[in-house]
Amino acid sequence: MTPDMSPDTTGAADAFTRFDFAALSPKDRYKLLIGTVVPRPIAWVTTVDPEGRVNAAPFSFFNVLSADPAILAIGVENHDDLSQKDTARNIRLTGEFTVNIVDFANLETMNTTAVAFPAGEDEVAAAGLTVLPGKHVKSPFIAEAPAALECRRHITLEIGPSRAIVLGEVVALHIRSSLVNERLHVDPVGLDALGRMGGHGYCRSGETFDLATPSLAAWRAERS
Ligand SMILES: Cc1cc2nc3c(=O)[nH]c(=O)nc-3n(C[C@H](O)[C@H](O)[C@H](O)COP(=O)(O)O)c2cc1C
C-alpha cells in the first residue's frame, strides 16, 4: 500500500470519493472503469474459424495505440467457465482478425452479434449483414460498416485467467470512399461512429469540434 504523499490542507479533496481498487470486487472495478473511461470506441471484430466460418462480435475494451507500427488492442474476457470466446479462439487459431467500425445505422445489427450464439453459428447471417473478402487476411469485413481495419495478431497478453489483451498490427484499411478526402482527412460526422458509455449506454460522435494544440511559443505569446 502506497502511503498518502502529502495531506490535502485545502479541503479540495473533500469533493472526491476515492475507491481503492484492492478493496473492490472485480465486478465493482468493472462498473467504475467502464463508467469513467468514456466514451470507448467499439471494435466490431470479424474472424473466421479454421473451417472458414465467419464470426462477429463487438468489443469496447478497444483502442488504437500506435501508428508506426500500426497497433491496436482489444480486451477479450473469457466466459465464466474461463473458456475463450469465439473471437479470442479464432484469433489464436488463425492469427488474423478485422476490426469494423460501428456507426449509428448499425446499432441493432452490432448488438445482435453480441448475443451468445453457439460457436459456428453464423452471427453475421443472423444479423442480416453481408461480408466482403479481406485483402490480406482471411477474415472478411462487414459491407454495412463505414470502415474496417484488417489486422494480424502481433501478440496476445494473457493478463489473467479471465482476460486476454490482443494486440493486432493493422495491415489495411477499407473506408467508404465518401468519408475520406485526398488529404486523408476522415469525415467524423459522416463516419457517425458509436461510442460505448457505462452500463448499457452509447453515444454518437456526430458533435465534434477542432482544437489544435499550440506550440509552446504560441501558448506563451497568448499569455504575455
Ligand atoms: C457494445 C459492446 C461492447 C462489448 N465489449 C466487450 C469487451 O470489450 N470485451 C468482451 O469480452 N466482451 C465484450 N462484449 C460482449 C461480447 O460482444 C459478447 O460476449 C459476444 O457474444 C462475444 O462473441 P464471440 O463469442 O462470438 O466472440 C461487448 C458487447 C457489446 C454489446
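## Who touches the ligand

Let's start with a side chain: one of the polar atoms in the side chain of Lys85 lies 2.8 Å from an oxygen atom of the ligand. Keep in mind as you look around that this is a predicted model. Thr87 joins in too, with an N or O atom of its side chain 2.6 Å from a ligand oxygen. Glu77 does things another way, using its backbone: a polar backbone atom there is 2.8 Å from an oxygen atom of the ligand.

How much of the ligand does the protein cover? On its own, the ligand has 650 Å² of accessible area, and the protein covers 88% of that. As for where to look, the ligand sits in the largest pocket.

## The shell around it

Now zoom out a little. There are 18 residues around the ligand, and Pro58, Phe61, Glu77, Lys85 and Thr87 come nearest. So what kinds of residues make up this shell? They split into 8 nonpolar, 5 polar and 5 charged.

Which parts of the fold supply them? Strand E3 (54–59), strand E5 (70–77) and helix H2 (86–94) each bring at least two residues to the shell. E3 gives the most, with 4 residues.

## A pair of rings

Phe61, one of the residues that come nearest to the ligand, has another partner to check out. The structure holds 1 aromatic pair. That pair is Tyr30 with Phe61, and it's a tilted one: the centres are 6.2 Å apart and the planes make an angle of 55 degrees.

Where in the chain do the two rings come from? Tyr30 belongs to helix H1 (residues 26–36), while Phe61 is in the loop between E3 and strand E4 (62–67). They are 31 residues apart, and the pair links distant parts of the chain.

## Some unusual backbone spots

Here's a handy rule to carry with you: most peptide bonds are trans, and most residues other than glycine have a negative phi. With that in mind, take a look at the bond that joins Val38 and Pro39, which is cis, with omega at about -15 degrees. You'll find Pro39 in the loop between H1 and strand E1 (40–41). Another cis peptide bond joins Asp68 and Pro69, with omega at about 5 degrees. Pro69 is in the loop between E4 and E5.

What about phi at Leu184? The value is near 70 degrees, which is positive even though this residue isn't a glycine. To spot Leu184, go to the loop between strand E10 (163–175) and helix H5 (188–191).

Conventions
Residues are numbered from 1 along each chain as its sequence is written. This is a predicted model: local features need pLDDT of at least 70, side-chain atom pairs count only at pLDDT 80 or more; totals for chains, interfaces and linings use all residues. Side-chain values use heavy atoms; hydrogens and water are left out. A residue is near a molecule or strand if one of its heavy atoms lies within 4 Å of it. A polar contact is a pair of N or O atoms within 3.5 Å; within protein, one must be able to donate a hydrogen and the other to accept it, and residues adjacent in sequence count only if both atoms are side-chain atoms. Accessible areas come from the Shrake-Rupley method with a 1.4 Å probe; for residues, only the protein chains shown count as cover. On a 1 Å grid over the protein atoms alone, a cavity is a set of points where a 1.4 Å probe fits but cannot get out, and a pocket is an open set with protein on both sides within 12 Å along at least five of seven lines; lining residues have an atom within 4 Å of a point. A molecule sits in a cavity or pocket if more than half of its atoms lie within 2 Å of its grid points. Ala, Val, Leu, Ile, Met, Phe, Trp, Tyr, Cys and Pro count as nonpolar, Asp, Glu, Lys and Arg as charged, and the others, Gly among them, as polar. Rings of Phe, Tyr and Trp (its six-membered ring) pair if their centres lie within 6.5 Å; planes under 30 degrees apart count as stacked, over 60 as edge-to-face and the rest as tilted.
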